[in-house]
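Here is a short report for a reader new to this protein. Look at the structure first, then read on.

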Amino acid sequence: MTSPSTYDLRRPRAADAPGFAALHARIWRITYRGLMRESVLEELSAATFLPMWEAIGAAYDEGRVPPDGRELWVATLEQEPAGFLLFGPPREEDAPAPRQLWALNVDPDHHGSGLAQRLLDELLGAGPAYLWVAEGNDRAIRFYRRNGFELDGTRAPDDRDGLVELRMVRPS
């Protein structure tokens, strides 16, 4: 088993875009199977996520944070993409906390390695935050509960992809 300290955590670079776009698609196809419409999952590919990864990588290459203020960090193991964390300002005006955890995705091959915990601890840190998690993603819900987040009863169904998101909040 790989130790969490073995992973390199850093800002993404434009050159990382193809590898992380492919990882992003792979994680979604595995994680959201049975939680999201199958037709949507089948259409996901690296090309789906590549523009986002290219834009963010280019911004960091130029020494700036992307314009929306969100911070993206990647984790690699021997230069291979293993996971990523995205956090920043909330998307809702009436957000329950000043920071939103937009994404914490770890390659399923690295589940159980401690990487998700390291990403959360070192990058998001403690303090108030909130996130949206897919209903039925029990593994993620248990992980976030261990880290002080609780479901607040807010649900957001998405008619486009069939996913239902649940909001979890960590108070101060």
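## A hairpin to start from

This is a predicted model. Begin at the hairpin formed by β2 and β3. Two residues lie between its strands, and Glu78 takes a positive phi near 55° there. The two strands run antiparallel and are joined by seven bridges. One bridge links Leu77 to its partner Glu80 in β3.

How much of β3 is buried? Seven of its nine residues are, so this strand is largely enclosed by the rest of the structure. β3 also pairs with β4, again in the antiparallel sense, over six bridges. Here Gly88 stands opposite Gln100 in β4.

## The overall plan

The protein has five helices and seven strands. Along the sequence they follow the pattern β-α-α-α-β-β-β-α-β-α-β-β.

The C-alpha trace spans about 40 × 40 × 40 Å along its principal axes. For 172 residues, a compact globule would have a radius of gyration near 16 Å; the protein has 16 Å, which agrees. Buried residues make up 44% of the 172 residues. Among contacts with a separation of 6 or more, 61% come from residues 24 or more positions apart.

## The sheet

Seven strands form an open sheet with mixed pairing. Their order is β1-β2-β3-β4-β5-β7-β6. Which strands stand at the edges? They are β1 (8–10) and β6 (150–157). Each has a single partner strand, so one side of each is left without a neighbour in the sheet. On average, neighbouring strands are turned by 25° against each other, direction ignored.

Helix α3 (residues 46–61) packs on this sheet. It touches β2 (71–77) and β3 (80–88), and its direction makes about 95° with that of β2.

## The β6 edge

β6 pairs with β7 in the antiparallel sense, over five bridges. In one of these pairings, Glu150 has Val169 of β7 as its bridge partner.

Ala156 is also found in β6. Is Ala156 buried or partly exposed? It is partly exposed, because its relative accessible area is 25%, above the 20% under which a residue counts as buried. Leaving aside neighbours within four places in sequence, Ala156 is in contact with Trp132, Leu163, Val164 and Glu165. Glu135 is 21 residues from Ala156 along the chain, and their C-alpha atoms are separated by 9.6 Å.

## Helix α5

Helix α5 covers residues 138–146. Its residues Ala140, Ile141, Phe143 and Tyr144 are buried. They cover an arc of only 160° around the axis, which puts them on the same side of α5.

What do these buried residues pack against? The partners are β4 (100–106), α4 (115–124), β5 (129–134) and β7 (164–170). Just after the helix, Gly148 takes a positive phi of about 90°.

## Two nonpolar cores

The largest nonpolar core has 27 residues. Leu101, Leu104, Leu115, Leu119, Val133 and Tyr144 touch the most other members. Two or more residues come from each of β2, β3, β4, α4, β5, α5 and β7. Helix α4 gives the largest share, five residues.

Leu104 shows some of the contacts made here. Not counting residues up to four places away in sequence, Leu104 touches Phe84, Leu85, Ala116, Leu119, Leu120, Phe143 and Tyr144. Apart from the largest core lies another, of 22 residues. Its members include Met36, Phe49, Ile56 and Phe84.

## A buried asparagine

Asn105 has its place in strand β4. Its relative accessible area is 10%, so Asn105 is buried. Which residues does Asn105 touch, not counting those up to four places away in sequence? They are His24, Ile27, Trp28, Gly83 and Phe84.

Notes: Residues are numbered from 1 along each chain as its sequence is written. This is a predicted model: local features need pLDDT of at least 70, side-chain atom pairs count only at pLDDT 80 or more; totals for chains, interfaces and linings use all residues. Side-chain values use heavy atoms; hydrogens and water are left out. Buried means under 20% relative accessible area, exposed over 50%, partly exposed in between (1.4 Å probe, protein chains only). Helices (H or I, at least four residues) and strands (E, at least two) are DSSP runs, numbered from the N terminus. The arc is that of the directions from the helix axis to the C-beta atoms. Contact means heavy atoms within 4.5 Å. Two strands pair if DSSP finds at least two bridges between them. Axes are lines fitted to C-alpha atoms, for helices over the stretch in contact, and angles run from 0 to 180 degrees between N-to-C directions. A nonpolar core is a set of buried Ala, Val, Leu, Ile, Met, Phe, Trp, Tyr and Cys residues joined through side-chain atoms within 4.5 Å. The radius of gyration is taken over C-alpha atoms; the globule rule is 2.2 Å times the number of residues to the power 0.38.
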